[in-house]
Amino acid sequence: MKHAYIWGGILTIAFFSVVGDVLLARAMKQVGDVHALWRSAGLWTVVSRVASNPNIFMGVAAMTVAFFTLLFALSWGDLSLVAPAAASLTFIGNAFAAKIFLHEKVDRRRWIAAVLVAAGVALLAG
Amino acid sequence: MTFRKYLVLAGVTVFGAAGDSVLSHGMKQVGNISIHDLPSLIFAVMNPYVAIGILLLLTFIVLNMTALSWADLTYVLPATSMGYVLLALSARFILHEQVSLTRWLGIVLISGGVGFIAGSPALTSHLHEEEKSPLLAAKDTARNGAPAPAHGTHAEEVVSSVVEP
């Protein structure tokens, strides 16, 4: 039963991390290239455009949920399992989510990169 | 990809890794914080390591958002995962900790993953025109050589300063 709780926690952390990452990436694409915008319209335009984008706040909210789920999950399971498992699943989940929701061209190169990094993180943090 | 963009990616990597390790060092000095004693979190921020760690992580967040404004999520995430490698290498060579064979293998896998996306295009996604900011839509129009909209005299001026060399 404890196992189910821990893995439920890990999946919840990964899910909300992916949601947060995707929303933040989407928001920043809607804001536009920050360098170009800063040069042409000034810093204030960049700040106001970021602050008025609802996806930013939803993304931060999702990341906050992920963070507090991590705190809870750590009280049930070991840091050496929960943190790397959640980080690895987030990398893989992001590749799927970026392809579906952000329409990124996730080619073979990027799949291999995501899998290698996910495996590496699992080994490094485990 | 310009030199400045590579610099931003390097910044995401370094500030993320440094922020994590400085903050964790500070929190170890502060000690356990009970969920029933949340006001003690305010005292935790008075620890210089915790304060510097938070500043470093804030810089990380700003740089990460900057990178996401011109690069794909599936490009930024692997590219900046070198931070894990930096942490392990600093544990070995600065803190003189023992790094196990499993961890070295992890370093090799992450570096390999980063190698796979290095040199590939950073941006492949294209937002629909209506979702795009008017400024960038105008920039695309200028790039494609199509005539600028008749009402867009201001946009034209902006475009001339936006188009990258």
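This note goes through the fold, packing, surface and one loop residue of chain A, which is a predicted model.

1. **Fold.** Chain A holds six helices and zero strands. Read from the N terminus, the order is α-α-α-α-α-α.

2. **Dimensions.** Take the principal axes as the frame. The C-alpha atoms of chain A then fill a box of roughly 55 × 35 × 25 Å.

3. **Burial.** Chain A has 126 residues, and 47% of them are buried.

4. **Contacts along the sequence.** Consider contacts in chain A between residues with a separation of 6 or more. Of these, 73% join residues 24 or more positions apart.

5. **Surface.** The exposed area of chain A comes to about 6,300 Å². Carbon and sulfur atoms supply 74% of that area.

6. **Charge.** Chain A carries 10 positive and 5 negative charges. The mean position of the positive charges and that of the negative charges are 7 Å apart.

7. **His103(A): backbone.** One residue deserves a look in the viewer. His103(A) has a phi near 55 degrees. That value is positive, and the residue is not glycine. As for its place in the chain, His103(A) sits in the loop between α5 (79-101) and α6 (108-125).

8. **His103(A): exposure.** Is His103(A) buried or exposed? Neither label applies: the relative accessible area of His103(A) is 46%. Buried means under 20% and exposed means over 50%, so His103(A) counts as partly exposed.

Key: Residues are numbered from 1 along each chain as its sequence is written. Chains are lettered from A and ligands numbered from 1 in the order in which they are written. This is a predicted model: local features need pLDDT of at least 70, side-chain atom pairs count only at pLDDT 80 or more; totals for chains, interfaces and linings use all residues. Side-chain values use heavy atoms; hydrogens and water are left out. Helices (H or I, at least four residues) and strands (E, at least two) are DSSP runs, numbered from the N terminus. Buried means under 20% relative accessible area, exposed over 50%, partly exposed in between (1.4 Å probe, protein chains only). Contact means heavy atoms within 4.5 Å. Accessible areas come from the Shrake-Rupley method with a 1.4 Å probe; for residues, only the protein chains shown count as cover. Lys and Arg count as positive and Asp and Glu as negative; His and the chain ends are not counted. The place of a charge is taken as NZ of Lys, CZ of Arg, CG of Asp or CD of Glu.
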